[in-house]
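I'm opening a fresh page for this one. First I want to see how the chains meet, then I'll go after the aromatic rings.

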Protein chains: 2
Amino acid sequence: MSLNLTILGCHSATPRVNAHPTSQYLEINNRHFLIDCGEGTQRQMRKYKIGFSKINHIFISHLHGDHFFGLIGLISTFGILNREKDLHIYGPKGIKEVTVLQLKLSKSWTKYNIVFHELSSNKSELIFEDDKVSVHTIPLSHRVYTNGYLFTEKPKLKKLHIENIKQYDEIDTCDYHNLKAGKDFTLSSGEVIPNLKLTIEPSKPKSFAFCSDTEYKPDIVPIIKDVDVLYHEATFLKDREDLCDKTKHSTAEQAASIASQANVGKLIIGHYSSRYNNINDFKNEAQTVFENVELAEAGKRYSIDSFPIQVLN
Amino acid sequence: MSLNLTILGCHSATPRVNAHPTSQYLEINNRHFLIDCGEGTQRQMRKYKIGFSKINHIFISHLHGDHFFGLIGLISTFGILNREKDLHIYGPKGIKEVTVLQLKLSKSWTKYNIVFHELSSNKSELIFEDDKVSVHTIPLSHRVYTNGYLFTEKPKLKKLHIENIKQYDEIDTCDYHNLKAGKDFTLSSGEVIPNLKLTIEPSKPKSFAFCSDTEYKPDIVPIIKDVDVLYHEATFLKDREDLCDKTKHSTAEQAASIASQANVGKLIIGHYSSRYNNINDFKNEAQTVFENVELAEAGKRYSIDSFPIQVLN
């Protein structure tokens with residue numbers, strides 16, 4: 001298991017009884033990220049049994065309520081649950097000021113550190129990196145400053161081909177590290193055993209791109225080229241492209257066009273406007289342009305290790 | 001129907017799947033008030049079919065998240081639904097700054113006016129009054145500046161005793177206003193017909209006191225004396241009075257003691273700590289001091305026109 005995505009909410013504008021605003025829980029290469037945090041996200045996390053203590057990094061795309069109003073409640077709950085670990089929050093400039101003001105007014109300073117990473121660039125930039133995963137911004141175009149996020153696994157070490165290795169008594173376990181790193185092995189006779197014979201290629205690093213609210217923006221294609229999975233908003237159908245222009249959102253067809261141009265493995269769409277009763281219409285419209293489309297639905301969990309993507313629940 | 005109370009949420013600290021933070025919807029003498037607004041309140045309002053457009057006045061007791069974090073989402077949703085009427089918000093100083101900052105950051109200024117009534121007095125004061133209802137603050141004692149609210153119907157006009165009136169041809173419909181206001185009627189003969197004979201006493205004005213988070217504070221008793229219904233928090237049982245002292249909350253027994261001293265008609269308790277599995281323990285403890293106790297539960301609607309209070313659902 002290297003990449004799972006759980007949809008906590010995927011509707012636009014206002015929370016309703018069975019329509020939750022945007023939030024996603026991403027597990028990638030044993031890292032655990034929360035992406036966007038609309039009102040009620042902490043309740044959705046409890047409902048779908050997402051461990052609060054696993055979350056150390058939260059990425060907020062923009063400061064509209066349906067992507068952000070649940071953040072202060074989650075921060076507060078972490079405090080009530082006696083969290084001690086640092087919490088890193090990535091989001092537009094201003095996210096620190098409003099969070100700190102709310103904590104101040106409630107006299108509820110957290111005992112854990114909150115590390116704010118405020119964003120203001122309009123160019124894609126590396127904002128997180130460790131030995132497992134890197135995260136880059138995807139500059140989007142909406143009514144307020146907005147970023148999507150590209151999550152990419154770091155290249156993995158090669159795996160050992162134990163059966164072949166055992167043919168050479170001279171290769172010791174202390175040599176394994178070099179083999180995993182791609183080095184050939186030279187026997188005492190001088191014979192060179194090529195690394196290819198002693199190792200198995202690791203699986204290709206997986207990647208996931210989250211593109212929240214944006215107008216049709218084909219200049220993001222180079223950034224998200226060939227990702228395994230793209231989440232891209234599709235707020236309207238093309239019958240209301242006028243509303244897309246006005247509100248800076250995308251149609252299902254436009255989302256699919258981005259997926260097609262970027263040659264992604266799979267497209268997941270969401271952020272449906274409440275004016276539509278049947279979200280299958282979004283899938284049908286998208287599939288006129290790009291075949292591999294899934295509809296985001298709260299509680300759905302996608303396992304992205306193998307294609308076709310498995311919907312787990 | 002002059003006074004109905006719908007519980008939207010009644011648990012403390014953090015929202016859980018089936019435990020919603022504080023919010024209540026009060027209908028009193030054809031006025032409609034929202035009291036406190038924890039995260040998820042707008043979803044609860046939709047669930048229990050509370051018309052958004054009826055709400056013109058919101059009373060926030062204090063700025064802890066479980067009483068307040070749902071407010072910005074509700075304000076935002078009112079905007080999305082094209083509200084035009086003014087919205088009056090009563091709450092502690094600071095509520096304007098944090099609301100305005102969030103609207104500014106999201107570039108989502110509402111088209112309707114928000115009128116903030118910021119409170120900072122430690123004495124009970126009249127904060128709302130029209131021809132139907134008055135609202136006074138109830139200064140409480142919590143970890144941050146906190147008010148309860150006392151809602152009182154205005155005295156109603158007397159009703160006409162038509163059968164008796166009809167015995168006097170000289171009494172015309174244009175005299176009815178004076179009769180309702182309590183005036184006697186003087187016949188042309190000089191005979192005075194006492195008002196008591198011509199009218200029926202109106203029902204006694206109803207009153208409801210909402211006391212959110214507070215330590216045991218008997219000096220509120222004169223303010224809430226003889227109210228028909230008192231909501232008073234009861235976060236802990238008396239086995240954990242130490243936690244009440246530390247967090248400035250009340251036990252069920254303390255809430256009942258306030259009810260008893262104030263000679264209220266009925267006590268509703270809520271704001272249960274998640275450490276207790278069986279909320280009936282709160283009722284049992286309270287009833288050792290005061291008999292007429294109801295447990296607040298989300299979705300319960302109390303009709304307070306006649307005793308015993310009817311729980312409608």
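**Entry 1: the contact.** I started where chain A meets chain B, and I counted 34 residues from chain A and 34 residues from chain B in the contact. One thing to keep in mind on every page here: this is a predicted model.

I then looked up the area. Chain A and chain B bury about 3000 Å² between them, and 65% of that is on carbon and sulfur atoms. Which elements of chain A give two or more residues to the side that touches chain B? I noted α1 (41-47), α3 (71-80) and α4 (95-105) of chain A.

Next came the polar side of the interface. My search for salt bridges between chain A and chain B came back with zero. Polar contacts do turn up: I have twelve residue pairs between chain A and chain B, both residues at pLDDT 80 or more.

**Entry 2: aromatic pairs.** Over all chains I get 26 aromatic pairs. I picked F59(A) and Y90(A) to look at, and their rings are stacked, 4.5 Å centre to centre with 10 degrees between the planes. The two are 31 residues apart, so I'd call this a link between distant parts of the chain: F59(A) is in strand β4 (residues 57-59) of chain A, and Y90(A) is in strand β5 (residues 87-92) of chain A. Are these rings buried or exposed? F59(A) has a relative accessible area of 0%, so I wrote it down as buried. Y90(A) is at 2% and also counts as buried, because the cut-off is under 20%.

Over in chain B I checked F33(B) and F128(B). Their ring centres are 5.5 Å apart and the planes sit at 80 degrees, so this pair is edge-to-face. F33(B) is in strand β3 (residues 31-35) of chain B and F128(B) is in strand β7 (residues 126-129) of chain B, so the pair ties together parts that are 95 residues apart in sequence. I have F33(B) at 1% relative accessibility, which counts as buried, and F128(B) at 9%, which counts as buried too.

**Entry 3: a cluster.** Back in chain A, I found F59(A) and Y90(A) again in one aromatic cluster. Its other members are F33(A), F128(A), Y149(A), F151(A) and F208(A).

**Entry 4: charges over rings.** Last, I looked for arginines sitting over aromatic rings. In chain A, the charged end of R83(A) sits over the ring of F78(A), 4.8 Å from the ring centre. For chain B, I noted that R83(B) has its charged end over the ring of Y112(B), 5.4 Å from the centre.

Terms used. Residues numbered from 1 in each chain as written. Chains lettered and ligands numbered in written order. Predicted model: local features only at pLDDT ≥ 70, side-chain atom pairs only at ≥ 80, totals over all residues. Heavy atoms only, no water. Phe/Tyr/Trp six-rings, centres within 6.5 Å; stacked < 30°, edge-to-face > 60°. Helix = DSSP H or I, 4+ residues; strand = E, 2+ residues; numbered from the N terminus. Buried < 20%, exposed > 50% of the residue type's maximum accessible area, 1.4 Å probe, protein only. Lys NZ or Arg CZ within 6 Å of the ring centre and 35° of its normal. Contact = heavy atoms within 4.5 Å. Buried area = accessible area lost by both parts, 1.4 Å probe. Salt bridge = Lys/Arg side-chain N within 4 Å of Asp/Glu carboxyl O. Polar contact = N/O pair within 3.5 Å; in protein donor to acceptor, adjacent residues only side chain to side chain.
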